[in-house]
Amino acid sequence: MDLIANLKPAGAEIFLLVMACVILIADLLIRQSGRMVTYSLVLVSLLGCALITVGTHAHGVTYAFNNMFVDDLMSDVLKLLTYLAIGMMLVYSRQYLTLRGLFSGEFLVLALFATLGMMVMISANHFLTLYLGLELLSLSLYAMVALYRDSAIATEAAMKYFILGALASGLLLYGMSMLYGATGSLQLAAVSGAILSGSANQTLLVFGLVFVVSGLAFKLGAVPFHMWVPDVYHGAPTAMTMLIGSAPKLAAFAFVSRILVEGLQPLVQHWSGMLVMLAIASMAIGNITAIAQVNIKRMLAYSTIAHMGFMLLGMVSGGIEGYGSAMFYAVIYVLMSLGAFGMIMLLSREGFEADTINDFKGLSQRSPWLAFLMLLLMFSMAGVPPTVGFYAKFSVLNAVVQAGHVWLAVTAVLFSLVGAFYYLRIVKLMYFDAPESRAPIIFGQDTVLLISVNGLGVLLLGLLPGGLMSVCAVSVQQSLLLH
Amino acid sequence: MIFGLPAISIAIWLPIIFGILVLATGDDRNAALARILALAGSLLGFLATIPLYTGFARDTSEMQFVELHDWINRFNIHYHVGVDGISVLFILLTAFFTPIVVLAGWQVIEKRVAQYMASFLIMSGIMIGVFAALDAVLFYVFWEAMLIPMFLIIGVWGGQNRVYAAVKFFLYTLLGSLLMLVALIYLYNQSGGSFAIPDFHHVALPMGAQVLIFIAFFFAFAVKVPMFPVHTWLPDAHVEAPTGGSVILAAIMLKVGAYGFIRFSMPIAPDASHHLAGVMIALSLIAVVYIGLVALTQTDMKKLVAYSSISHMGFVTLGLFIFNAYGMEGALMQMISHGFVSGALFLCIGVLYDRMHSRNIADYGGVANNMPVFAAFFMLFAMANSGLPGTSGFVGEFIVILGAVKANFWYAFAAATTLIFGAAYTLWMYKRVIFGAVANPHVAELADLNLREKVIFAVLAATVLGMGLYPLPFSEIMHVSVNDLLVHVARSKLPM
């Protein structure tokens, strides 16, 4: 294969890398007041990536760089959604970061490198590429959390994130090395083939699998590997929390499905049992512990844990239904989480973080529109129709029941009921209580427009969820090698 | 379709669109506009449902005015609505009560008027959607969506302990609904990929699955009815809700649960329904007798009527699970009648509460001296609640007791005690509140009904009397559908 044919599927990644370097240099030459130039340039780069991704879309599955890299419908869809999520994150956080002196060139460039890491993860077809993407993402995120140097809590969060993240990477790498030892390959399809041929050492495979799954669970924040999630969500500046809590979940879905479904499908009976335990534990601990939180960022952290558990149920169910529903769930979760963290940033002011749940008291009297949008987001997270969160849960439950695990579906809905309580409490605080402060909410036109689109999107997608569901199912169907 | 227009969709979406318009009027500076818009929307909404009654073919049990459109193709989910002789009455009842609650909150609600009115309009559309939905997912969406406005109504405009009541209401009902969702998804997979409720009626299911499905539905519907022992949310919700909220809760929302038994539990799991009928009847009789006694001891008027509602709804579930035509038609008549009567009673209490800001029976006495017109209306509704012949309350109770005698004399015997207890708690409350010497200076200052209130009560009184004296317009429309349902339920669905 010639060079050009290899480069074409990775066009968006290459473009983003070039742009990140250009922005890094350009930013050195401008003052704080000119930051809007680089900010706009970042948004333009994301737009350019989107155009390239759409433009280079080829029917079917294209492999490049000796099968290390794959370009298929699922990767294109996930990448487009990633650009969207990153772009939204940047718009939401501009004002928030400016007020805290964090709106720097480093932030923008690191965000782009994190995006690049996610793109590589999404398109990886080889253990090394997967790992490379994951580390690029993780290192960018560690640095971004640490960017708020004056805040002790943010620094602590960065340390925790880094140490536990490094541990997880170590586990993952160790597991991968065992799989390599057993199968003699790092390429996903070759690994799968070697396992199917029966020549691989079964003990070694299962050991490797345990480590790989543990590493994945760490990165997803699934119980019992979740301890870093609340601290990092809480400690990081809200803009960084939003970044950690949104787009990487899409990459994580791709990551899990590439490794487990494409690479280790022959071991499904082993890993699905592990995922069931992770899923139930995550839903239980996540939902129950979230009730006790007074800090909304911690509450949303535990809610993320629970949501990831729910997503894993889709992976457990298998088949197009299962993986498609898990992808749909991840996409919807990202949309809701962007809105929720966006709202927290919108309510924050200079020198004031709206990060306790009491800061939402009486919001319906201070700003009925924002309260209504938050209501939609919270009901969507709780999975109450007519918001789209319901369909996310619905499609996963359908996959679970179809796979014959009715009891698992019942367990999942019971924990959703527990979860509904703390989302409902936010609505209660906004609508039933008197406000604690009457400080005016100051926000830019761009953020309020974005949060409106985000909140109403949750409702409109809830009224017409069919299109997005089909996109997810089709991309999973065309991309994952389902045996 | 009527004149080429989708009649049911209009009935569902017209109030919702008006609700959004009312919301758009903004804050309380435009309260007058919000009120007028809400009244117009609710009246138009009611008018829109009348063609469903007049154009209804009485000689078939087929679904009528059916609309079928693709919605979510991936799961074969459709926007599928239609009515039969059972659901059409509830749609009318829902649309009938919306203008009444709008009028009832006309002056009393002073803060966040637009949001209050809009909640009721939107809820009205959603509840009509629940009764009209023929696709299980569409049904579920309406069913859950109903919770959101009611949660806000109780929590924002409710009384002292409103937050507790609102959260309890929401979580109780959500628990049941989520189990129902799993059952619906299971049925979807069993029926070969269809969410159409009529298709569910024909899925063969082994006994074990039927029992589990019945239990899942039971949680959803029994909570809404509410049946003993999952009734405890209702007194809290009623007491804390504003008058309009109580009226809608009692008149419509409780009916949704019983409607669910008719539309889902019985035809989908007929063998399990027969198998578990004994339990259902026992729970119903406990509700009738025990809750009737509980009502007797209440000191709070709203709580008393709330317990009386539970007791009367026990009659409904009793009628359903004795599986004969009398029981079923009696249950339906009782549901309609209870809608009018309990709604009217909550409005009466609301009238007193607006003037005195107390629901305690002990704070009243001798109200008749200052409010003779009110006392007369209240008397009529109290009599109807205790099942006096000539009022609508009598019709349903009488027919259910007839049906119960056919099934088992002792069922009828236990059920008939309600005629005594019902009269006892209602009339005793009436006596303590209305008659006697003027209890305190506040009562002496009470003003009688104003024109707005007179209109509301006159309409309700005419309906209660009309239904009591000439129930045929209500019963003839349901006749064919009820018989068809009974035939269906009598057929076993166990796989051969």
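Helices here are DSSP runs of H or I, at least four residues long, numbered from the N terminus. With that in hand, let's go through the backbone. Keep in mind that this is a predicted model.

I'll start with a loop in chain B. Phe323(B) sits between α14 (301–321) and α15 (325–356) of chain B. Its phi is positive, about 55°, and Phe323(B) is not a glycine. Most residues other than glycine have a negative phi. Is Phe323(B) buried or exposed? Neither: Phe323(B) counts as partly exposed, because 18 C-beta neighbours lie inside 10 Å, and buried takes 20 or more.

Next, Phe65(B). Here too phi is positive, about 55°, in a residue that is not a glycine. Where does Phe65(B) lie? In strand β1 of chain B, residues 64–72. Phe65(B) has 20 other C-beta atoms within 10 Å, so Phe65(B) is buried. The cut-off is 20 or more.

Now the peptide bonds. Most are trans. Which bond in chain A is cis? Val223(A) to Pro224(A), with omega near 5°. Pro224(A) falls in a loop of chain A, after α9 (202–220) and before α10 (228–235).

Turn to chain B. The bond from Val225(B) to Pro226(B) is cis, and omega is near -15°. Pro226(B) belongs to the loop that links α9 (207–224) with α10 (233–240) in chain B.

To recap the prolines: Pro224(A) follows a cis bond from Val223(A), and Pro226(B) follows a cis bond from Val225(B). As for the phenylalanines, Phe65(B) is in a strand, and Phe323(B) is in a loop.

Conventions. Residues numbered from 1 in each chain as written. Chains lettered and ligands numbered in written order. Predicted model: local features only at pLDDT ≥ 70, side-chain atom pairs only at ≥ 80, totals over all residues. Helix = DSSP H or I, 4+ residues; strand = E, 2+ residues; numbered from the N terminus. Buried ≥ 20, exposed ≤ 12 C-beta atoms within 10 Å, placed from the backbone.
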